[in-house]
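Welcome to a short briefing on one protein structure. Keep the model open as you read, and look up each residue when it is named.

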Amino acid sequence: MKPHAYAEVIIDIEHATLDKPFDYKIPGPWQPIITRGMRVEVPFNHQVRAGVVIQTKASSTVQNIKPIRAIRDIEPYYNDERLELASSLAFRHVRPRMAYLNAMLPSALSLKRDVKYVKRVDDLPETLKPYFEHVSTIDKKTIAHRDLQAFKDAENKNLIKSTLTLKQTARKKTHKRITLLEDRPVKGSKQRAIIDYLKTHGPALKRTLLRETGAAASTLKRLEDQGIVHGAQEEQYRHIESVYADNAKVVDHTEDQRAIIDTIASSLKHYSEHLIHGVTSSGKTEIYIALTKAALAHGAVIILIPEIAITPQILARFKGVFKERVGVYHSALSPGEQYDQWRQALRGEKDILIGARSAIFAPFETLGLIIIDEEQSDAYIQREQAEYDAREVARIRAATHQVPLVHGSATPSVETYYKAKEGRIHLHILKDRALGAKPPRIQRVDMKKEFKSGNASILSGTLKDAIETRLKRGEQTLLLINRRGHANFVLCRDCGKRIICPHCDVSLTYHHHKRVMKCHYCGHEEAAPSRCPACESKHIRYMGLGSEKAESQVKTLFPSANVMRLDRDTTKKKGSHEALLYQFETTGDILIGTQMIAKGLDFPRVTLVGVLSADMALFVPDFYAESETFSLLSQIAGRSGRRDKQGEVIIQAYDASHDVLKAVEDSHYPSFYAREIAFRKAARVEPFNQLTLIVVSDVSYDAAYHQALTLKRTLNHGSLDVLGPSDARPVKRRDQWRVQLLIRHHGQPSIYPKLSDAVHAFSKGKTHVTLTQYPRIF
């Protein structure tokens with residue numbers, strides 16, 4: 001069959017108007033090489049751009065067609081499954097296909113535009129002369145922003161010319177291996193030492209050879225020039241260090257565990273969904289390991305976890321069983337480490353991948369099983385750029401590969417449990433903790449009564465006494481507060497003004513360690529004031545409670561205790577999650593943290609969990625506030641007493657009689673579910689209706705509101721249930737005023753083209769329209 005001479009290419013620009021293929025000619029020598037799914041470089045709009053070949057064909061109707069400029073990859077990184085998956089997600093979420101194609105690759109494979117300017121004449125404008133004073137070529141990145149227009153003008157006059165290349169963000173790591181070719185007399189003791197070492201030990205890495213012999217690189221180079229030794233570059237995967245040793249413990253499964261394993265293992269050759277609803281510490285991980293052993297005979301296994309903090313312990317357990325077959329993939333890895341783990345999965349060198357939501361795009365050609373641990377977690381949703389829910393992608397991939405999809409949780413999402421009760425997902429129940437551990441004792445403390453009794457501390461008397469008892473016993477305590485920073489907001493007690501972000505309609509959060517105010521929406525940062533910016537008063541007060549402030553107060557109350565804090569601010573450095581958790585497990589007394597400490601962690605010496613301001617999230621305008629709070633508190637309670645000593649959980653709240661907190665104390669998920677599903681049905685939200693949120697933003701509030709109202713009228717003609725317009729939360733973000741519409745529907749395919757047309761029609765000028773299928777706050 002004659003090779004195709006033309007290709008349809010999607011340009012690597014994530015914009016709705018460009019979300020279509022463009023025809024290019026395939027140069028003759030490349031016609032047998034270029035295939036569907038390959039990345040190429042093409043001329044586009046007087047520039048060089050990367051793109052993805054969607055298909056090749058024998059002819060094209062396009063006139064004056066341009067040729068493909070270069071091939072980026074020897075083998076295509078996108079197979080049919082990935083291309084179709086990108087199209088499916090783009091259709092449902094009204095996003096460009098390129099956004100999803102890029103999300104499937106590690107960041108190291110992204111292509112950066114490298115622009116350089118070359119001098120063509122000596123007589124340059126005064127603005128340009130300093131740049132070319134000693135060189136004839138300069139990098140565009142070195143040009144001051146104010147001078148960019150001068151460079152463009154000079155290029156238009158042919159005084160300079162620009163060159164553009166696309167460079168990959170990160171590359172393969174290599175090392176040099178030295179081999180002895182022949183042993184013959186040489187000059188110098190160091191040359192002889194190199195030869196003798198290679199005779200004794202065989203081929204060696206260059207750095208090892210130089211270290212062991214004490215020779216210089218120049219000495220080795222002379223031996224290479226003489227043909228006595230030969231050096232060859234070899235690819236080297238970056239090693240991911242871990243302070244946790246591989247955990248190869250042998251486990252005897254309980255009867256309930258064995259029954260679940262046998263049932264799911266019998267269905268490995270076809271698509272089915274399973275929910276393992278097991279109380280915390282019931283041994284779900286051991287079921288995952290057994291299922292992975294069975295599934296590897298059929299294909300690779302993906303295990304999704306919601307929090308990076310969980311990774312080290314579960315990774316150590318899997319590596320203890322499966323050794324180097326296990327890979328890991330999450331955002332805390334460097335781009336190079338992600339690149340290596342991704343390529344090992346692509347090459348089949350690793351067939352088990354544990355990771356956060358992006359790991360669901362692992363490039364395995366054949367899958368045997370997908371597992372989603374803590375399936376109720378909101379962390380599986382990606383809301384920026386390429387919006388997706390990893391659970392949705394897992395369902396699509398499992399169906400495509402005809403393999404089981406296993407959900408695991410002590411507190412399943414209402415949507416998943418509803419499907420299980422309806423019979424659409426197989427339900428498996430683990431009622432008892434493993435290792436004979438007893439459920440923790442849970443009690444609620446009313447902080448109103450504490451305050452009335454004269455206790456203004458963040459800790460109730462009950463919780464303080466319980467911590468002191470643990471310190472005396474050498475046991476550990478977890479304290480949960482679901483807010484970062486030192487104070488929620490800063491208030492002037494004279495004029496009553498809050499200090500808000502200049503770009504968003506939200507209060508700045510005070511961070512005591514750096515003495516700065518931060519906006520957690522746009523990243524704005526400014527120095528903490530000593531006077532009120534509005535009235536110059538000195539009476540500034542830092543209100544509310546954040547994890548940083550809680551840490552400071554707990555250290556004051558327990559000066560001899562080793563108190564640590566785990567949140568995003570303390571885990572910014574690479575490897576800091578793992579190092580901090582290991583340090584706490586081995587030497588810590590009290591760990592204060594946000595929701596990062598609530599799921600999946602296993603600390604044998606933790607016998608006390610305290611929850612500060614447990615009702616904090618119950619009063620936000622969010623349909624899912626109660627289910628999220630129940631899940632979070634139940635999960636953190638499950639960290640207590642996971643071995644032979646019974647644990648204790650103390651939940652502090654100002655509305656301690658709230659039904660959700662009572663349900664947590666009772667530790668009975670079915671009764672909570674019955675109450676929650678009744679509310680969801682009455683509110684006509686998931687799982688009975690799907691929700692889509694459209695946000696209209698503009699530099700003018702009036703303009704945003706008017707456009708949202710017009711958009712609603714347009715959508716109402718399509719018989720959609722549209723609520724609003726109303727102010728979005730926050731109503732102002734990054735200097736844009738935001739108004740929203742909420743749509744209830746049943747997810748019928750016909751709705752998405754209507755939504756797409758509306759979004760594109762109203763996004764023009766200063767008005768921008770965005771859409772999310774996973775709305776949270778209304």
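The largest cavity in this predicted model is lined by Ala-103, Met-104, Tyr-329, Trp-342, Leu-353, Ser-358, Ala-359, Phe-361, Ala-362 and Pro-363. About 60 Å³ of space lies inside this cavity. What is the make-up of its lining: how many residues are nonpolar, polar and charged? Nine are nonpolar, one is polar and none is charged.

**The second cavity**

- A search of the whole structure turns up two cavities of 30 Å³ or more, and the second largest has a volume of about 40 Å³.
- Around the second largest cavity you will find Asp-12, Arg-39, Ala-50, Gly-51, Val-52, Met-98, Asn-102 and Leu-111.
- This lining divides into four nonpolar, two polar and two charged residues.
- Strand S4 and helix H2 (97-103) each supply at least two residues of that lining.
- Which element gives the most to the lining of the second largest cavity? Strand S4 does, with three residues.

**The sheet around strand S4**

- Strand S4 belongs to an open sheet of five strands, in the order S2-S1-S4-S3-S5, with antiparallel pairing.
- Why is one side of S2 and of S5 left without a neighbour in the sheet? Strand S2 (22-25) and strand S5 (70-71) stand at the edges and have a single partner strand each, so one side of each stays free of a neighbour in the sheet.
- Strand S3 (residues 39-44) and strand S4 (residues 47-57) run antiparallel and are joined by six bridges; Val-42 has Arg-49 in S4 as its bridge partner.
- Six bridges also join S1 to S4, again antiparallel, and here Ile-10 stands opposite Val-52 in S4.
- Val-52 is therefore worth finding twice, since this partner of Ile-10 is also among the residues that line the second largest cavity.- S1 and S2 pair in the antiparallel sense over four bridges, and the partner of Glu-8 in S2 is Asp-23.

**Strand S1, residue by residue**

- Is strand S1 (residues 6-11) mostly covered or uncovered? Strand S1 is mostly covered, with six of its six residues buried.
- Tyr-6, Glu-8 and Ile-10 point one way from S1, while Ala-7, Val-9 and Ile-11 point the other way.
- Residues on both faces of S1 are buried.

**Aromatic rings**

- A pair of aromatic rings is described by two things, the distance of the centres and the angle of the planes.
- The structure holds 19 aromatic pairs.
- In one of them, the rings of Tyr-131 and Phe-151 have centres 5.2 Å apart and planes at 80°, so this pair is edge-to-face.
- Tyr-131 lies in the loop between strand S6 (111-119) and strand S7 (137-139) and Phe-151 in helix H3 (residues 148-156), so the pair links parts of the chain 20 residues apart.
- Both Tyr-131 and Phe-151 are buried.
- Phe-318 and Phe-322 form a stacked pair, 5.9 Å centre to centre with 25° between the planes.
- These two residues, Phe-318 and Phe-322, both lie in helix H9 (residues 311-322), four residues apart, which is about one turn of the helix.
- Are Phe-318 and Phe-322 buried or exposed? Both are buried.
- Ring pairs also link Tyr-417, Phe-630, Tyr-669, Phe-672 and Tyr-673 into a cluster.
- A charge can sit over a ring too: the charged end of Arg-343 is over the ring of Tyr-339, 4.1 Å from its centre.

Definitions and conventions: Residues numbered from 1 in each chain as written. Predicted model: local features only at pLDDT ≥ 70, side-chain atom pairs only at ≥ 80, totals over all residues. Heavy atoms only, no water. Pairing = 2+ DSSP bridges. 1 Å grid on protein atoms, 1.4 Å probe; cavity = no way out; pocket = protein on both sides within 12 Å on 5 of 7 lines; lining within 4 Å. Points joined across faces, edges and corners; volume = space filled by probe spheres on them. Nonpolar A, V, L, I, M, F, W, Y, C, P; charged D, E, K, R; others polar. Phe/Tyr/Trp six-rings, centres within 6.5 Å; stacked < 30°, edge-to-face > 60°. Buried < 20%, exposed > 50% of the residue type's maximum accessible area, 1.4 Å probe, protein only. Lys NZ or Arg CZ within 6 Å of the ring centre and 35° of its normal.
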